[in-house]
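Here are some notes for reading the structure alongside its sequence. They are set out as numbered points, to be taken in order.

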Amino acid sequence: MGLAKLVIAMLVLLFLVTGSVLLPVVAIVPTLLSLTATFGALVWVFQDGHMAGLLGGFTPTGNIAATIPVMLFGLAFGLAMDYQVFLLSRMREEYELTGSPTEAVARALERTGRIVTAAALAISIVFRGFVVSDVSLVKAYGIGLPLAVLMDATLVRGALLPAAMRLGGRATWWAPARLQRVHARFGLREEGPAPKKGEDRELTPTS
């Protein structure tokens with residue numbers, strides 16, 4: 001039940017950022033798939049005992065503590081959605097400026113790619129320090145979190161999400177008229193309303 005509430009809350013947040021009812025689903029589904037791959041890796045390492053010697057040695061118990069997937073999901077999903085909001089907000093800005101779904105994706109990736117990748121690498125290096133711990137629970141976080149973050153920042157953000165948006169085209173940005181009015185009133189923006197297509201951004205002089 002808590003997981004469903006979390007996913008629904010993120011769908012609402014992404015709708016307020018993008019103004020689309022389809023794009024939030026397109027953004028969340030690949031992230032959930034990458035998390036399932038992370039859980040599979042944890043089972044392979046900590047439940048089945050593979051690579052125990054390379055990770056400082058630990059005794060496989062044949063199961064994983066219930067707190068590991070719960071905590072890992074919360075942390076990894078939160079970080080992934082942070083990247084997604086950052087990326088999708090840039091895409092929305094470019095789409096409003098150009099009117100082209102393809103150009104919006106390309107420009108947003110160009111603007112955010114290095115920042116997101118550098119942030120993911122920095123966070124992963126910090127989490128990797130957990131591997132030297134003698135506690136298997138902490139080791140699991142040191143393996144699972146970097147893997148989830150890097151998969152989301154590269155495979156999901158760099159390949160799956162742009163490919164899905166390219167295939168969907170303008171339909172990716174669709175929303176019913178009633179929800180469009182909701183987004184126009186309550187939508188989240190970092191700046192004021194975007195200029196209409198073909199208009200230049202107005203520069204405000206600074207004193």
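1. A salt bridge here is a side-chain nitrogen of Lys or Arg within 4 Å of a carboxyl oxygen of Asp or Glu. With that in mind, look at Arg90, Glu93, Glu94, Glu103, Arg107 and Arg111, which are linked in a network of salt bridges. The structure as a whole holds 6 salt bridges. Please keep in mind that this is a predicted model.

2. Before the details of the network, consider the overall plan. The chain's secondary structure consists of 6 helices and 0 strands. Read from the N terminus, the order of elements is α-α-α-α-α-α. The chain has 207 residues, and buried residues make up 40% of them. Its exposed area is about 11600 Å², with 66% supplied by carbon and sulfur atoms.

3. How many of the contacts between residues at least 6 apart in sequence join residues at least 24 apart? The share is 72%. One pair far apart in sequence is Gly158 and Leu109: 49 residues separate them along the chain, while their C-alpha atoms are 7.7 Å apart in space. Gly158 belongs to helix H5 and is partly exposed, at a relative accessible area of 43%.

4. Now back to the network, beginning with Arg111 and Glu93. These two residues form a salt bridge in which the closest N and O atoms are 3.6 Å apart. Arg111 sits in helix H4 (residues 101-128) and Glu93 in helix H3 (residues 67-98), so the pair links distant parts of the chain, 18 residues apart. Is each partner buried or partly exposed? Arg111 is partly exposed, with a relative accessible area of 40%, whereas Glu93 is buried, with 14%. Glu93 counts as buried because the cut-off for that word is under 20% relative accessible area.

5. Arg111 also meets Glu94 in a salt bridge, with an N to O distance of 2.7 Å. This pair, too, links distant parts of the chain: Arg111 is in helix H4, Glu94 is in helix H3, and they are 17 residues apart.

6. Which residue of H4 does Glu94 meet in the salt bridge of 3.4 Å, N to O? The partner is Arg107. Glu94 lies in helix H3 and Arg107 in helix H4, so this salt bridge ties together parts that are 13 residues apart in sequence. Glu94 is buried, at 5% relative accessibility, while Arg107 is partly exposed, at 35%.

7. The nonpolar interior deserves a separate look. The largest nonpolar core has 33 residues. Those with the most contacts inside this core are Ile28, Leu42, Phe77, Leu88, Met91, Leu161 and Met165. Helix H1 (2-18), H2, H3, H4 and helix H5 (136-168) each supply at least two residues of the core. Which helix gives the most? H3 does, with 10 residues.

8. Leu42 can serve as an example from that core. Leaving aside neighbours within four places in sequence, Leu42 is in contact with Gln47, Ile64, Ile68, Leu72, Ala140, Ile143 and Gly144. Apart from the largest core lies another core, of 5 residues, among them Tyr83, Val116, Val149 and Ala153.

9. Nonpolar residues appear on the surface as well. Val25, Val29 and Leu33 make a nonpolar surface patch of about 250 Å². Of these residues, Val25 is found in helix H2 (residues 23-47). Val25 is partly exposed, with a relative accessible area of 41%. A patch takes residues with over 30% relative accessible area, so Val25, at 41%, is above that cut-off.

10. Finally, follow helix H5 along its length. Where is the kink in H5 centred? The kink is centred on Val156 and comes to about 50°. Just after H5, Gly169 takes a positive phi of about 60°.

Methods
Residues numbered from 1 in each chain as written. Predicted model: local features only at pLDDT ≥ 70, side-chain atom pairs only at ≥ 80, totals over all residues. Heavy atoms only, no water. Helix = DSSP H or I, 4+ residues; strand = E, 2+ residues; numbered from the N terminus. Buried < 20%, exposed > 50% of the residue type's maximum accessible area, 1.4 Å probe, protein only. Patch = residues over 30% accessible without salt bridge, like charges linked within 9 Å, V, L, I, M, F, W, Y side chains within 5 Å. Areas by Shrake-Rupley, 256 points an atom, 1.4 Å probe, with all protein chains shown as cover. Core = buried A, V, L, I, M, F, W, Y, C linked by side-chain atoms within 4.5 Å. Contact = heavy atoms within 4.5 Å. Bend = angle between axes of the 7 residues up to and from the residue.
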